[in-house]
Amino acid sequence: MPQESTDSAVQIADPVETTYRELEARLRELRPSEDPEPLERAYCFAAAQHLGQSRASGEPYMTHPLLVTRQLLEMNLDMTCLQTGILHDVVEDTSVTVDQVRKIFGEDVAHCVNGVTKLTKLDFASKEVRQAESLRKMLLAMVDDIRVVLVKMADRLHNMRTLGSLSPEKQARISQETVDIYAPIAHRLGMGKIRAELEDLAFQYLEPEAASDLNNKLEGNRASNEAFLAEMRQIIEAGLAAEGIRAHIETRVKRPYSVFLKLRRQKISLDQVYDLLAVRIITDSVKNCYAALGVIHNEWRPIPGRIKDFIAIPRPNLYQSLHTSVMGAGGRHFEVQIRTEEMHRIAEEGIAAHWKYKEGRKANAADDDQRVLWLRQLVEWQRDMRDSGEFMSTLKVDLYPDEVYTFTPQGKVIVLPRGATPIDFAYAIHSQVGNTCTGAKVGGRIVPLKYGLRNGDVVEILTQSGHLPSKDWLAIVRTPRARNKIKHVINTTERVKAIEIGEKYLEREARRLGVALSRITTAQMHAVATEYGCSQIADLHAALGYGKFSPRQVLQKLAPDIVPEEAPQEHEEETPRYSAEDAANQDLVIKVKGADDLLTYLAKCCNPIRGEPIVGYVTRGKGIAIHSANCPNVQNLMYEVERKIEVEWARAVQEMFRVNLLVRTEDRPGMLSQVTTALFNEQTNIRTLETRPGDGPSNEGAVVAMTLEVKDKRQLERAVSAIRRVSGIRDIERVNEI
């Protein structure tokens with residue numbers, strides 16, 4: 001686009017033009033031989049479409065895609081990626097269609113733009129469903145072309161850098177989505193640098209008090225930490241030089257968010273974080289990596305259990321490095337990471353390191369890269385998942401495993417999430433091996449199927465032809481692959497039983513009421529099935545078998561002249577209903593969508609409170625169990641999708657909910673008084689309260705176990721925030737029992 005134009009219909013604002021010229025200059029600097037014309041063509045097109053649009057900060061909207069593209073350029077990605085970066089919002093935020101993009105810029109760019117575009121223009125039941133379906137779409141596009149996720153990561157990174165202009169509610173929502181979905185995806189793709197920045201930016205909005213407190217502590221120790229690391233660096237440089245090992249050395253303090261997670265997870269203090277301070281040695285060969293490890297251990301005593309060899313056995317995201325923690329001068333611990341230049345590049349850039357502009361090839365799933373293999377597996381199981389809530393929760397579990405490395409008797413490495421069982425191992429080998437698994441041996445010794453596998457275990461699976469998985473397995477498996485294969489087998493078996501039971505229920509009720517089912521046509525049955533949201537008559541029978549509605553309700557629609565509308569005498573086959581006493585007691589706390597007379601009860605495993613997302617599960621004989629949507633047991637129950645039912649909190653209810661909290665604190669005078677005062681100021685009643693010594697490795701601090709009475713989720717959040725503001729609070733955990 002020319003610098004000046006008197007006859008152009010589109011006049012670009014100066015900030016936008018300046019940003020583009022800086023982008024183009026950077027392209028010429030990095031790639032002097034590449035023609036910038038395709039980039040300028042995309043810029044002119046996008047600038048015309050976004051003209052007049054602004055961001056929440058007030059700056060012209062076009063600055064966002066340009067800065068996203070600048071990030072992609074710094075990652076040294078190809079022209080298709082750069083054009084996609086500039087065009088990534090034109091379909092979502094303007095009237096431009098994917099077909100128009102394809103016609104002007106080609107198939108590759110159109111595919112990437114479509115993959116990045118969220119599903120905002122379609123009608124979904126909720127924001128959560130829209131988010132889930134947009135992620136499904138992105139995952140499918142990623143498998144065909146990994147550049148989709150690279151553009152999405154750059155887009156999310158710039159959005160996080162400019163999050164300050166949005167409302168607190170949006171800041172929290174976007175930050176939570178970032179740490180739940182995008183940072184873990186970056187981790188699984190080996191993009192360590194982007195993952196780190198995403199998490200640290202989100203941390204500031206999700207835990208502002210904790211972030212501020214931790215940053216102040218780290219800043220207060222910055223001078224002594226830097227001096228210590230400088231001293232260690234000099235010693236290491238001298239030791240490496242004496243052995244003739246060529247290397248350069250970097251030092252760093254562990255990232256705030258990573259420190260926060262470790263403090264919360266291990267219930268320890270800052271001075272107990274062994275890898276708070278780290279030295280990174282980057283050498284020229286694998287041989288020198290191991291030689292450098294010898295130099296380190298010769299100089300300082302290694303901490304047992306802290307030596308990890310990710311060079312011999314890389315992580316699934318292809319991360320390679322040697323890790324060791326040692327005790328340095330003055331008894332201070334620090335971590336040492338040792339890797340080659342190539343390993344360092346892969347650790348920082350991940351999969352992006354393989355898709356440089358100069359390679360000139362499409363980033364497709366045919367590549368043998370383990371990270372793309374993970375994507376293919378991810379898409380495989382999520383394609384069969386009909387429920388959006390289940391998809392989201394299972395995705396979060398799969399995105400961030402802490403891996404264990406196990407072996408088959410033939411020596412093949414099977415990488416599984418920590419806590420995985422022999423059943424997970426069996427399904428990782430083959431679905432048929434998993435289905436017919438009857439036992440397992442670890443190291444030649446028979447172990448229970450719930451045994452938690454450990455690093456280095458050699459696992460042999462025992463099978464028996466005709467054996468089928470048990471429902472109980474769902475409570476112990478950790479991998480989505482195993483969970484979904486088990487659900488598929490159980491669901492198929494249970495569905496056949498439910499259809500048989502439903503048919504019998506309908507026939508028995510028809511005989512009792514004098515309805516001749518033989519005179520009911522298939523068309524009539526199909527019409528009633530459709531009315532109940534079932535696509536087939538078999539689905540209607542299955543729903544009856546599950547107890548989702550009563551046979552009488554169906555017969556009343558099939559033969560309204562014979563079956564009256566008034567409710568019949570209750571009998572054991574019908575779905576339980578509210579009595580007047582039940583309604584008075586529960587005061588319609590829960591409303592079942594589409595029905596107003598079904599018995600419900602709050603599940604004890606999660607004890608949901610008003611305002612939390614909830615889901616209903618139809619039980620046989622006990623009514624509808626109401627679970628929190630985040631309850632771990634929901635995943636174990638929802639293998640039968642037909643039993644899920646939509647529920648919501650009723651509006652006019654004054655019921656109080658009891659919530660159990662464990663508050664881990666410093667042990668100091670006045671702490672308990674400050675906590676109870678904070679709750680009093682929030683008008684939150686304390687039902688019970690008990691204190692005990694800390695439950696960490698060294699019993700430091702104290703634990704306050706309390707039961708609060710709250711009317712909804714909002715009051716609970718206010719109460720928790722009030723407690724967190726008390727100085728010395730380390731962690732707050734909601735539990736089912738105390």
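Me: Why is cysteine 44 called partly exposed?
Reply: Cysteine 44 has a relative accessible area of 25%. Buried means under 20%, exposed means over 50%, and partly exposed is what lies in between (1.4 Å probe, protein chains only), so cysteine 44 goes in the partly exposed class. Bear in mind that this is a predicted model, where local features need pLDDT of at least 70 and side-chain atom pairs count only at pLDDT 80 or more, while totals for chains, interfaces and linings use all residues. Residues are numbered from 1 along each chain as its sequence is written, and side-chain values use heavy atoms, leaving out hydrogens and water.

Me: And what makes cysteine 534 buried?
Reply: Its relative accessible area is 10%, so cysteine 534 falls under the buried cut-off.

Me: How many disulfides are there?
Reply: A disulfide here is a pair of cysteine sulfur atoms within 2.5 Å, and by that rule the count is zero.

Me: What about the chain as a whole, how much of it is buried?
Reply: Of the 738 residues, 49% are buried. The chain has 28 helices and 21 strands; these are DSSP runs (helices H or I, at least four residues; strands E, at least two), numbered from the N terminus.

Me: Why is arginine 339 called buried?
Reply: Arginine 339 has 2% relative accessibility, so it counts as buried. Arginine 339 sits in strand S6 (residues 333-340). Leaving out residues up to four places away in sequence, arginine 339 touches Arg280, Ile281, Ile282, Thr283, Cys289, Tyr319, Gln320, Ser321, His344 and Ala347, where contact means heavy atoms within 4.5 Å.

Me: How do you know that threonine 665 is buried?
Reply: Same routine: the relative accessibility of threonine 665 is 2%, so buried it is. Threonine 665 belongs to strand S18 (residues 657-665). Not counting residues up to four places away in sequence, its contacts are Met671, Gly701, Ala702, Gly728, Ile729 and Arg730.

Me: On to the helices. Why is H9 called roughly parallel to H11?
Reply: The axes of H9 (residues 147-161) and H11 (residues 192-206) cross at roughly 30° and come within 10 Å. Axes are lines fitted to C-alpha atoms, for helices over the stretch in contact, with angles from 0 to 180 degrees between N-to-C directions. Angles under 35 degrees count as roughly parallel, over 145 as roughly antiparallel, 65 to 115 as roughly perpendicular and the rest as oblique, so H9 and H11 are roughly parallel.

Me: Which residues make that contact of H9 and H11?
Reply: Met153, Arg156, Leu157, Met160 and Arg161 come from H9, with Ile194, Glu197, Leu198, Leu201 and Ala202 from H11. They split into seven nonpolar, no polar and three charged. Ala, Val, Leu, Ile, Met, Phe, Trp, Tyr, Cys and Pro count as nonpolar, Asp, Glu, Lys and Arg as charged, and the others, Gly among them, as polar.

Me: What makes H19 roughly perpendicular to H21?
Reply: H19 (residues 422-429) and H21 (residues 480-513) have axes that come within 8 Å and cross at roughly 85°, so that pair counts as roughly perpendicular. Ile423, Asp424, Tyr427 and Ala428 of H19 meet Arg481, Ala482, Lys485 and Ile486 of H21. By class, that contact has five nonpolar, no polar and three charged residues.

Me: And why is H1 called roughly parallel to H3?
Reply: H1 (residues 14-30) and H3 (residues 63-74) pack at an angle of about 10°, their axes 10 Å apart, so H1 is roughly parallel to H3.
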